[in-house]
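Colleague: Before we rely on the labels attached to this model, I would like to hear the reasoning behind them.

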Amino acid sequence: MDILSDFLLRFLGQLQSPALTFLLGGMLLAALGSKLQIPDAIYKFCVFMLLMRIGLEGGMEIRNGDALAMLLPALIAAVTGCLIVLVGRVVLAALPGVRADDAIATAGLFGAVSASTLAVAMVLLEEQGTFFEAWVPALYPFMDIPALILAIVLANVYLAKKDHNERKHVAVWAIVRDSLRGSALSALLLGMLIGLVSQPELVYEQFYDPLFKGFLSVLMLTMGLEAWARMNELRKVAHWYAVYAALAPLLHGLIAFGLGYVAHVLTGFSPGGVILLAVMAGSSSDISGPPTLRGAIPSANPSAYIGSSTSIGTPIDIVVGIPLYVALAGIVFDI
Amino acid sequence: MDILSDFLLRFLGQLQSPALTFLLGGMLLAALGSKLQIPDAIYKFCVFMLLMRIGLEGGMEIRNGDALAMLLPALIAAVTGCLIVLVGRVVLAALPGVRADDAIATAGLFGAVSASTLAVAMVLLEEQGTFFEAWVPALYPFMDIPALILAIVLANVYLAKKDHNERKHVAVWAIVRDSLRGSALSALLLGMLIGLVSQPELVYEQFYDPLFKGFLSVLMLTMGLEAWARMNELRKVAHWYAVYAALAPLLHGLIAFGLGYVAHVLTGFSPGGVILLAVMAGSSSDISGPPTLRGAIPSANPSAYIGSSTSIGTPIDIVVGIPLYVALAGIVFDI
Amino acid sequence: MDILSDFLLRFLGQLQSPALTFLLGGMLLAALGSKLQIPDAIYKFCVFMLLMRIGLEGGMEIRNGDALAMLLPALIAAVTGCLIVLVGRVVLAALPGVRADDAIATAGLFGAVSASTLAVAMVLLEEQGTFFEAWVPALYPFMDIPALILAIVLANVYLAKKDHNERKHVAVWAIVRDSLRGSALSALLLGMLIGLVSQPELVYEQFYDPLFKGFLSVLMLTMGLEAWARMNELRKVAHWYAVYAALAPLLHGLIAFGLGYVAHVLTGFSPGGVILLAVMAGSSSDISGPPTLRGAIPSANPSAYIGSSTSIGTPIDIVVGIPLYVALAGIVFDI
């Protein structure tokens, strides 16, 4: 009883976070029919700033620190990404009115990772003074890429079977390459490289780090506006997508939280790292995932997977998921 | 005599303000045929930053303070907005070569408020250490919306009479709703809401507030470039628009200054607040006003009202009006 | 021997600079096929920020200081710009497969100046605490405009001879006017004017100066992406352009370094100023030069001159030239 009320208090306290308010504010404005728009160039620049900042910090940390500790969490990230896709493929495809290729694409997007959701959680932990290893955001591609590859492989297997053809050749390396070439992962990896080989401390401290929170608030507002606008697309497809999109983020986050806890016990993975791992698992890709899937599974309906992810999955992970994992960590790790 | 020279000295001192220099610099560049352009996405982002900053500050202030003191100034703001439209409708329409619906639309734009002009005045007062209640910028919609509504009502009445039809139904609530949905008021009100219900102090102090002055300088430059470019449009319409646009801002500002002085005597409304009220009254809407009027009074000629406002009204209010009200306040309130 | 190893050490040390890493990182991403793009509006805004910052600082410095010391360096800048064009015209046109009007346009672009390259060098010197007179960046137009004018005059003379016509009239004043009206020089000169006549210290210290390095890193990344993309255009023209573009920047830089050294001996021109003069001479115009040349020498092939400049000339000047001049200055001036 004490634990429950403690949990609820912690959970409610998290809802005061400005990042969440900007997201909800954007949804509110869109719902009320506001004409406010953040120009696309600004949105793209916000995303670039966040990823470059996360990358630079990760790179500088790896340069100064030890990267071996990343091994187990990276493995957990990859396993979680694949698990999400497999479970999603089976569960979603079994629901009435859901086509199998749409189900696979949706599961792929939920297995992939949203950099902006990750950034929200990082800012929150930093503001609360909760420590996490600076290489944790670098776990992103370890979850993102396997999930996208597995989804595309499953889709090709399904389509080949449906056409009574032999199994089509799936170019795994081409998918890896396309994922790494996507604008989100490119920026993140370039930031890490620059952090590793150069000395970007000054530009990091004077530009990328101080502007991080501000651009994140602009990004959250944009995502809120977008989430509401996409809701219409979701209405065109089976309602089961909405159910999946509302429940899956929390389930995925809790699975990753559990696996992260194992890493905490085995190798001392930080509680902050466990929270971020859960946030990544609960998130669904909003920048590079959709175009990758559109190219690789052209038969799937974008209204199904983008609608589920942008208009329900992401808000749920940010508004419910992040406070949930933080509150849970507060009790589990007694912080 | 002493008062006059004191006034002139104060007035000239204000002309050194960088915001004014950027505005005049933009006009100079455009006049010399410079190809410099500020991308539209950047312009829109500057406007968003200013409004969000003003809104956040207002919201945080109302959360921490007392909003009852707003009542009388809000009433004065609404009365001033309507007065400007009524006087403008009568005076402008009486001038030779001026069509009545163009006159009403122009008067509506001059009754509405320019957020960027307001921001210039706020920065100036802050730099000079002149106090104003942080809710003063929140008076904006109280002047803006009634002025736009009254102008649209007057235009419909005029058009109905002209067509010998019965009075057309004017959807007042639709106009209020459209005004609130405009990008400028949306951003301002969202900022206030977030300031009220959340704790955006960190993002305000690290992002919106420190970048405010800089983005304002970029905005002033853009407005200067635009002001000169619009001058050509103004040449296409009756020259009386130029006379109105040059004199009306100062007259409107002085009316609001007088009414604000009454509020100062009655309820202790701050001298800084009186200056800002005068600046708002002297300004004409440059962001959300023109599209609202274009939609609601399609028969009016945009060259007339946008040309008057952007190329003469706004520069006059900023370059002459603001220094005038500051110098006047210096003498009237002995600050 | 000691001098050589000292030089090499200094040279290698410069390669750690983040600005260079962002440039190389952009080239690497483009080479690997990354889809990362910096929106055009952001690129233009970065350029504007840099030029306004450089201009404001120059203007404030001239206001506070003495501008007479500029005379000799300004003369050297103009002479260097013209020398580059004359030598380039003779050398390039003598190479096999190179058309004379393409040669002249390319030489003109290499005689003109790149503001972003200049900004990289300024940040580097500031980080290392190497002093330079704040009016040094204001030497920019003294090298840029004569070079462009001379190139256009030479092209017209050549085309007139080829057509067996009498010498065409070359509108020198029109070229000067067009150069000054270009977006780059407009922003720089407006910044200087505002720095001179107004008091922009606050907006400079809170906005333009602290954001300078950050926006420069974004600009370098964009230029790196662009440099690689332009490489394809260069492949379409004679390979001698690549040879010229690789060697000319260093030769031009060393000529300017030598002339700057004379000014150092005669009038005490600072070592930092000599370095910046060399960087300017080594740079080729990337913003306002190409459209000016395209308009004035329409018969020249843009693939030749833009390809040479953007994809080889600029990276060489930044990655090899700047460290070279800094290392050289370290030895020559014993700093």
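Colleague: What rotation superposes chain B on chain A, and with what shift along its axis?

Modeller: In this predicted model, a rotation of 120° with 0.0 Å of shift along its axis brings chain B onto chain A, at an RMSD of 0.0 Å. The two copies are therefore related as by a three-fold rotation axis. In chain B, the C-alpha nearest that axis belongs to A41(B), which lies 3.8 Å from it.

Colleague: What makes you say that the copies use different surfaces?

Modeller: Of the contact residues of chain B, 12% recur in chain A, and on that value the copies are said to use different surfaces.

Colleague: What is the area buried between chain A and chain C, and how many residues does each chain bring to the contact?

Modeller: The buried area is about 2,100 Å², with carbon and sulfur atoms giving 73% of it, while the contact takes 24 residues from chain A and 26 residues from chain C.

Colleague: How many salt bridges and how many polar pairs are found across the interface of chain A and chain C?

Modeller: With a nitrogen-to-oxygen cut-off of 4 Å, the rule finds zero salt bridges across the interface of chain A and chain C. For polar contacts, where the N or O atoms must lie within 3.5 Å, six residue pairs are found there, both residues at pLDDT 80 or more.

Colleague: Which helix of chain A gives the most to the side that touches chain C?

Modeller: Helix 9 of chain A does, with seven residues, and the residues on that side of chain A divide into 16 nonpolar, five polar and three charged.

Conventions
Residues are numbered from 1 along each chain as its sequence is written. Chains are lettered from A and ligands numbered from 1 in the order in which they are written. This is a predicted model: local features need pLDDT of at least 70, side-chain atom pairs count only at pLDDT 80 or more; totals for chains, interfaces and linings use all residues. Side-chain values use heavy atoms; hydrogens and water are left out. Copies are superposed by least squares on the C-alpha atoms of residues with pLDDT of at least 70 in both. Contact means heavy atoms within 4.5 Å. Buried area is the accessible area (1.4 Å probe) that two parts lose on being put together, summed over both. A salt bridge is a side-chain nitrogen of Lys or Arg within 4 Å of a carboxyl oxygen of Asp or Glu. A polar contact is a pair of N or O atoms within 3.5 Å; within protein, one must be able to donate a hydrogen and the other to accept it, and residues adjacent in sequence count only if both atoms are side-chain atoms. Helices (H or I, at least four residues) and strands (E, at least two) are DSSP runs, numbered from the N terminus. Ala, Val, Leu, Ile, Met, Phe, Trp, Tyr, Cys and Pro count as nonpolar, Asp, Glu, Lys and Arg as charged, and the others, Gly among them, as polar.
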